[in-house]
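Welcome to a short set of worked exercises. Please look over the sequence and the 3D view before you start, and try each task yourself before reading its solution.

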Amino acid sequence: MNSYLLFKSLHLIVVISWMAGLLYLPRIFVYHTENQNKNETTDIFKTMERKLFYYIMFPAMALSWIFGLILISIIGFSSLSFLWMQIKILLVTILTFYHFYLGICLNDLKNNIFKRSSRFFRIINEIPTILLIITVFIVIFKPI
């Protein structure tokens with residue numbers, strides 16, 4: 001079996017899982033924030049947020065990085081000299097910081113600290129979509 005195609009497939013699977021979480025968690029934050037006075041409802045959101053972040057998103061993020069680095073090692077570390085690869089790594093790094101920022105928001109909401117509005121979470125929910133679109137086009141077309 002071709003190891004490159006195996007790891008590329010695994011990389012795509014975990015990236016899709018990670019992106020799903022990055023897109024869904026802020027949406028749960030929207031509903032959590034809008035229902036902050038309903039303890040029974042917020043307890044459900046807290047459980048959903050925690051399980052999504054720690055059981056799906058965190059492992060998917062870690063595996064995305066691991067499989068991505070394995071792919072780079074298979075094709076050769078000289079691929080890091082390509083501008084499109086450098087931009088991709090930059091965008092994935094930004095997504096990783098975004099991921100950890102969502103973790104901070106999760107902890108605030110877990111402790112009933114509502115620093116941000118539901119509107120804020122609606123707006124930042126677009127960040128991973130924009131970064132995903134740019135990344136896909138850069139990787140597919142390798143324009144630079």
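The exercises below concern a predicted model.

**Exercise 1. The fold in outline**

Task: State how many helices and strands the chain has, and give the pattern along the sequence.

Solution:
- Start with the count: the chain holds 5 helices and 0 strands.
- Next, follow the sequence from its start, and the pattern reads α-α-α-α-α.
- Then take the dimensions: along the principal axes, the C-alpha atoms fill a box of roughly 55 × 30 × 20 Å.
- Turn to burial: 36% of the 144 residues of the chain count as buried.
- Finish with the contacts: among those between residues at least 6 apart in sequence, 81% join residues at least 24 apart.

**Exercise 2. The largest nonpolar core**

Task: Find which residues of the largest nonpolar core touch the most other members, and which helix gives the largest share.

Solution:
- Begin with the membership: this core has 28 residues, and W18, L22, L25, F29, M57 and L102 touch the most other members.
- Now assign the core to elements: helix 1, helix 2, helix 3, helix 4 (118–124) and helix 5 each supply at least two residues.
- The largest share comes from helix 3, with 10 residues.
- Look at M57 in detail: leaving out residues up to four places away in sequence, M57 touches W18, G21, L22, L25, L52, H99 and L102.

**Exercise 3. The largest pocket**

Task: Describe the lining of the largest pocket, and decide whether T135 is buried or exposed.

Solution:
- First comes the volume, which is about 780 Å³ for the largest pocket.
- There are 27 lining residues, and those closest to the centre of the pocket are H11, L12, K88, T135 and V139.
- Trace the lining back to its elements: helix 1 (3–34), helix 2 (39–75), helix 3 (83–110) and helix 5 (127–141) each supply at least two residues.
- Helix 1 gives the most, with 8 residues.
- Sort the lining by class, and you get 20 nonpolar, 4 polar and 3 charged residues.
- Now take T135, whose place is in helix 5.
- The relative accessible area of T135 is 12%, so T135 is buried, the cut-off for buried being under 20%.
- Apart from neighbours within four places in sequence, T135 is in contact with K88 and L91.

**Exercise 4. An enclosed space**

Task: Work out how many cavities of 30 Å³ or more the whole structure has, and which residues line the largest cavity.

Solution:
- A word on the approach: rolling a probe the size of a water molecule over the atoms shows where empty space is left.
- The search of the whole structure finds 1 cavity of 30 Å³ or more.
- The largest cavity has a volume of about 40 Å³.
- Its lining consists of C105, D108, L109, I113, F114, K115, R116 and F121.
- By class, this lining has 5 nonpolar, no polar and 3 charged residues.
- Helix 3 gives the most to the lining of this cavity, with 3 residues.

**Exercise 5. Aromatic pairs**

Task: Count the aromatic pairs, and explain why the pair of F58 and F100 is classed as it is.

Solution:
- The count comes to 8 aromatic pairs.
- For F58 and F100, the ring centres are 6.0 Å apart and the planes lie at 75°, so this pair is edge-to-face; the angle needed is over 60 degrees.
- Because F58 lies in helix 2 and F100 in helix 3, the pair ties together parts that are 42 residues apart in sequence.
- Check accessibility: F58 counts as partly exposed at 34%, and F100 counts as partly exposed at 39%.
- Repeat the reasoning for F120 and F121: with centres 5.4 Å apart and planes at 70°, this pair is edge-to-face too.
- F120 counts as partly exposed at 24% relative accessibility, whereas F121 is buried at 2%.
- Lastly, ring pairs link F29, Y101, F120 and F121 into a cluster.

**Exercise 6. One tyrosine in its setting**

Task: Place Y24 in its element, and find which residues Y24 touches.

Solution:
- Y24 sits in helix 1.
- With a relative accessibility of 42%, Y24 counts as partly exposed.
- Excluding residues up to four places away in sequence, Y24 touches M48 and L52.
- From C-alpha to C-alpha, Y24 and F121 are 11 Å apart in space, with their positions 97 residues apart in sequence counted as the separation.

Note on methods:
Residues are numbered from 1 along each chain as its sequence is written. This is a predicted model: local features need pLDDT of at least 70, side-chain atom pairs count only at pLDDT 80 or more; totals for chains, interfaces and linings use all residues. Side-chain values use heavy atoms; hydrogens and water are left out. On a 1 Å grid over the protein atoms alone, a cavity is a set of points where a 1.4 Å probe fits but cannot get out, and a pocket is an open set with protein on both sides within 12 Å along at least five of seven lines; lining residues have an atom within 4 Å of a point. Grid points are joined across faces, edges and corners, and a volume is the space filled by probe spheres set on the points. Helices (H or I, at least four residues) and strands (E, at least two) are DSSP runs, numbered from the N terminus. Ala, Val, Leu, Ile, Met, Phe, Trp, Tyr, Cys and Pro count as nonpolar, Asp, Glu, Lys and Arg as charged, and the others, Gly among them, as polar. Buried means under 20% relative accessible area, exposed over 50%, partly exposed in between (1.4 Å probe, protein chains only). Contact means heavy atoms within 4.5 Å. A nonpolar core is a set of buried Ala, Val, Leu, Ile, Met, Phe, Trp, Tyr and Cys residues joined through side-chain atoms within 4.5 Å. Rings of Phe, Tyr and Trp (its six-membered ring) pair if their centres lie within 6.5 Å; planes under 30 degrees apart count as stacked, over 60 as edge-to-face and the rest as tilted.
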